[in-house]
Amino acid sequence: MSSQLTDAELAALMPSELCAYPTPIPTQIVASDEFYPDPQNERQREVEARLLAMADDLGGRQGLSRRRFFQSAAGMAASFVAMNEVYGPLFDVSRAEAATPAMAQERASALKDQFIMDMHTHFLRDDTRINTFVDMRNAVGKAGWNKDLGSREQTIEDLKFNNYKKEMFLDSDTKISLISSAPSDIEQDWFLTNEQMAEARKKINDEAGSRRVFSHMIFTPGQPGWLDKLDGGLALKPESCKGYTVGDNTHKEISRYPWRMDDEKVAYKGYERMVKAGIKNVCIHKGLFAPGIEKQYPNLRGFADVADVGQAAKDWPQLNFVIYHSAYRHVGGDPKQALAEFERTGRISWTSDLADIPAQYGVNNVYGGRRAIVRNHAGCGTKRLRRADGHIDKRVRGRSHLLGHRRTVDRRAAMADRRPAPAGNSGSHAEEVRLRPARRRRRSGQISDLRRQQCAALRYPAQAGDARDQGRSLCHDEGGIREGGAGAVEHTLRLCGAERRGGSHAVCLSAVIARNC
């Protein structure tokens with residue numbers, strides 16, 4: 001597997017496909033190897049009980065077995081109905097859809113060509129020496145999470161450009177992606193150089209005849225000649241820049257050039273050149289630095305948290321600082337330690353600190369991207385995660401916006417707790433995730449509702465030629481990129497030539513195939 005879960009933790013888990021009830025949406029927290037899932041709680045059991053009852057009642061009236069009902073669009077609608085009944089009106093769905101297969105299928109079919117942006121994707125260079133992700137793909141296949149991957153032994157070629165293009169644009173519903181990378185003090189161990197990212201962007205866009213791919217430009221403050229390399233990267237016209245304050249995230253043991261975002265003598269020189277080049281969004285990898293990792297690399301601890309974010313944001317209002325992973329610290333650590341911290345303090349290291357920055361520094365250009373750190377499926381009302389989300393959103397909605405928040409249906413990389421309470425299954429694709437158009441509220445003339453912005457983003461179809469989408473494969477999504485004001489993600493959509501289309505619901509089907517990047 002990977003280093004995120006120990007052998008003992010893996011032994012206590014089972015593939016969620018083997019759980020008792022094949023519900024369309026898992027009825028407890030499920031996880032990839034990035035974190036250990038919590039056991040099913042009381043409200044999740046209530047969702048499950050209501051859903052099973054609807055399957056027996058409504059499915060029986062339709063002459064369907066429970067399993068067959070759950071495989072239908074009506075079964076998917078029933079899942080949202082059950083969650084609304086337990087957690088409140090989160091999803092725009094009616095009981096009539098659950099009771100009427102034709103109505104549910106009509107709605108699902110109307111939503112099948114939705115616009116999906118995938119703003120954090122990777123493939124590896126041809127001369128790569130990094131084999132970690134090959135092992136991960138093999139593990140996913142052998143666990144049965146993705147039967148296509150299990151049909152043959154995975155190789156390093158599966159992580160290179162040709163297969164990236166196939167899985168991203170032919171095997172998934174992705175319309176637009178952003179190619180990213182990770183740097184290293186060892187040049188050959190960069191995932192991709194800036195030139196390679198730009199070249200891949202050009203190849204795909206030329207082939208598509210439209211703008212289907214964006215690219216990051218990686219910058220490495222403090223490395224020898226880094227400003228000259230920055231100038232060369234900016235000349236490639238990247239859509240945004242990305243950096244790792246810990247320096248070499250691939251080889252932390254040899255990282256020689258960690259840096260701080262608020263270093264006036266180093267990082268600020270780079271920001272100045274970015275502003276002159278017209279860059280608006282600067283993405284920074286933070287967090288993913290559990291206490292156990294800190295013990296291994298204590299010299300990098302001061303560069304992994306968000307203590308350097310606020311001053312940099314205040315000094316550079318021309319830039320948006322998107323903090324990847326929302327600086328969540330505890331990935332790879334003991335989940336009991338993380339939960340105990342939260343129960344004791346009501347805070348989440350270092351995500352709560354990030355959420356405090358807009359108020360502390362009087363800024364509105366700091367954002368957090370959450371990917372697979374907190375996956376909250378049918379457990380969106382759990383005490384732990386609801387409090388955590390409430391803590392974050394209370395601050396963010398009032399002053400800033402949290403980008404990358406995803407309501408996901410993760411159908412592949414899912415494991416469930418083996419404790420006695422039965423759990424849901426992620427064995428087949430869900431047709432849709434539907435969000436009620438969120439309530440709007442204005443503060444100082446600004447619409448500050450996150451869900452409205454993200455729903456709007458996902459409603460935009462790509463005017464980018466035929467993607468030849470054929471089913472869904474592993475893909476991962478970091479959400480949109482915002483440029484100032486209430487426009488939020490819409491700026492990015494204008495960049496790609498997308499135009500608004502009617503409809504009020506959106507889907508985001510995703511699974512993470514890479515970690516710590």
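Begin by selecting N163, which at 13% relative accessibility counts as buried, a word that here means under 20% relative accessible area, with exposed meaning over 50% and partly exposed in between (1.4 Å probe, protein chains only). Residues are numbered from 1 along each chain as its sequence is written. The model is a predicted one, in which local features need pLDDT of at least 70 and side-chain atom pairs count only at pLDDT 80 or more, while totals for chains, interfaces and linings use all residues, and side-chain values use heavy atoms, with hydrogens and water left out.

With N163 still selected, show helix α9 (residues 161-170), where this asparagine has its place; helices (H or I, at least four residues) and strands (E, at least two) are DSSP runs, numbered from the N terminus. Then add R137, E157 and D158, with which N163 is in contact when its neighbours within four places in sequence are left aside, contact being taken as heavy atoms within 4.5 Å.

Next, select F161 together with K203: the charged end of K203 sits over the ring of F161, 5.4 Å from its centre. That description requires NZ of Lys or CZ of Arg to be within 6 Å of the ring centre and within 35 degrees of the ring normal.

Now turn to the aromatic pairs, of which the structure holds 10. Rings of Phe, Tyr and Trp (its six-membered ring) pair if their centres lie within 6.5 Å, and planes under 30 degrees apart count as stacked, over 60 as edge-to-face and the rest as tilted. One pair to select is F69 and F70, which is tilted, at 6.1 Å centre to centre with 50° between the planes; F69 and F70 are both buried.

Another tilted pair is that of Y268 and Y271, with 5.7 Å centre to centre and 40° between the planes. Because they are 3 residues apart in helix α12 (residues 267-276), Y268 and Y271 are separated by about one helical turn. Y268 counts as buried at 9% relative accessibility, and Y271 counts as buried at 0%. Keep both tyrosines displayed and add W316 and F321, since ring pairs link Y268, Y271, W316 and F321 into a cluster.

Finally, zoom out to the whole protein, which has 20 helices and 11 strands. Of its 517 residues, 61% count as buried, and among contacts between residues at least 6 apart in sequence, 79% join residues at least 24 apart. With a surface displayed, the protein exposes about 20,400 Å², of which carbon and sulfur atoms supply 49%; accessible areas come from the Shrake-Rupley method with a 1.4 Å probe, and for residues only the protein chains shown count as cover.
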